[in-house]
Amino acid sequence: MKAFITLAVVCLVASDLATPVELSDEQKAKAKVYIDECAIQENVPEEDVLKFRNKDVENPSKAFKCLGTCFFERAGTLKNDEIQDEVVIAKLGGLIGEEKAKQLVEKCKGIKAEDRCETGYKTFQCFHAANAAF
């Protein structure tokens, strides 16, 4: 379970890192459950669920942003609209190095927007932009 905690961040950020991430069958199954549960919770149309599964972040709808935020929350990377520093550093550190993970968290923590879905999406955007700088 701990290996999956930051699956949301790892899955959505890994492509920017040019680091292939190979998930176990258990992690893939857990991700599917989280996506399915969040799709129901957030009332997300199937089109947005497919975009999320395919990591297609271009022109996201409000429902897409809420799905991603819910996924982050279920994975433990966001709680009460705040990045969970230790969780993100522990998991991303193995991919990009602990120092870079710490820098990424420092750069992106404290992001607030008009609602939880926008906060989650803006946090993802920050991770995306920060990774491009590394």
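Are Cys-66 and Cys-117 buried or exposed? Select both in this predicted model, and you will find that Cys-66 is buried and that Cys-117 is buried as well.

Keep the two cysteines selected and show their side chains: Cys-66 and Cys-117 form a disulfide with their sulfur atoms 1.9 Å apart, and because the torsion about the S-S bond is about 110°, this disulfide is right-handed. The pair links distant parts of the chain, with Cys-66 in helix α4 and Cys-117 in helix α7, 51 residues apart.

Now add the other bridges, for the count comes to 3 disulfides. Cys-38 is joined to Cys-70, S to S 2.1 Å, and this link is left-handed, with -75° about the S-S bond; here too distant parts of the chain are linked, Cys-38 lying in helix α2 and Cys-70 in helix α4, 32 residues apart. Both Cys-38 and Cys-70 are buried. The remaining bridge to select is that of Cys-108 and Cys-126, whose sulfur atoms are 2.1 Å apart and whose link is left-handed, with -90° about the S-S bond; Cys-108 belongs to helix α6 and Cys-126 to helix α7, 18 residues apart. Cys-108 is buried at a relative accessible area of 1%, and Cys-126 counts as buried at 15%. With bonded cysteines counted along the chain, the disulfides follow the pattern 1-3, 2-5, 4-6.

From Cys-108, widen the selection to helix α6, residues 98–108, where Ala-101, Leu-104, Val-105 and Cys-108 are buried. These four cover an arc of only 95° around the axis, which puts them on the same side of α6. Turn the view to the face directed away from that buried side, and you meet the exposed residues Glu-99 and Lys-107. Following α6 comes Gly-110, whose phi is positive, near 85°.

Next, select Phe-127 in helix α7, a residue that counts as buried at 2% relative accessibility. Phe-127 and Lys-107 are 20 residues apart in sequence, yet 8.4 Å apart in space from C-alpha to C-alpha.

Turn now to the aromatic rings, among which a search of the whole structure finds 4 pairs. In one of them, the rings of Tyr-34 and Phe-71 have their centres 6.1 Å apart and their planes at 75°, so the pair is edge-to-face. Since Tyr-34 lies in helix α2 (residues 25–41) and Phe-71 in helix α4 (residues 62–75), the pair ties together parts that are 37 residues apart in sequence; Tyr-34 and Phe-71 are both buried. Another pair, Tyr-121 and Phe-124, is tilted, at 6.1 Å centre to centre with 40° between the planes. Being 3 residues apart in helix α7 (residues 116–133), Tyr-121 and Phe-124 are separated by about one helical turn. Tyr-121 is buried with a relative accessible area of 10%, and Phe-124 counts as buried at 6%.

Extend the aromatic selection to Tyr-34, Phe-52, Phe-64 and Phe-71, which ring pairs link into a cluster. Add Lys-51 to this view: its charged end sits over the ring of Phe-64, 5.9 Å from the ring centre.

For a last stop, select Glu-42 in the loop between α2 and α3, where, at 19% relative accessibility, Glu-42 counts as buried. Leaving aside neighbours within four places in sequence, Glu-42 is in contact with Cys-66, Leu-67, Cys-70 and Arg-116, and this brings the view back to Cys-66, a partner of Cys-117 in the disulfide described at the start.

Definitions and conventions. Residues numbered from 1 in each chain as written. Predicted model: local features only at pLDDT ≥ 70, side-chain atom pairs only at ≥ 80, totals over all residues. Heavy atoms only, no water. Buried < 20%, exposed > 50% of the residue type's maximum accessible area, 1.4 Å probe, protein only. Helix = DSSP H or I, 4+ residues; strand = E, 2+ residues; numbered from the N terminus. Arc of directions from axis to C-beta. Phe/Tyr/Trp six-rings, centres within 6.5 Å; stacked < 30°, edge-to-face > 60°. Lys NZ or Arg CZ within 6 Å of the ring centre and 35° of its normal. Contact = heavy atoms within 4.5 Å. Disulfide = S-S within 2.5 Å.
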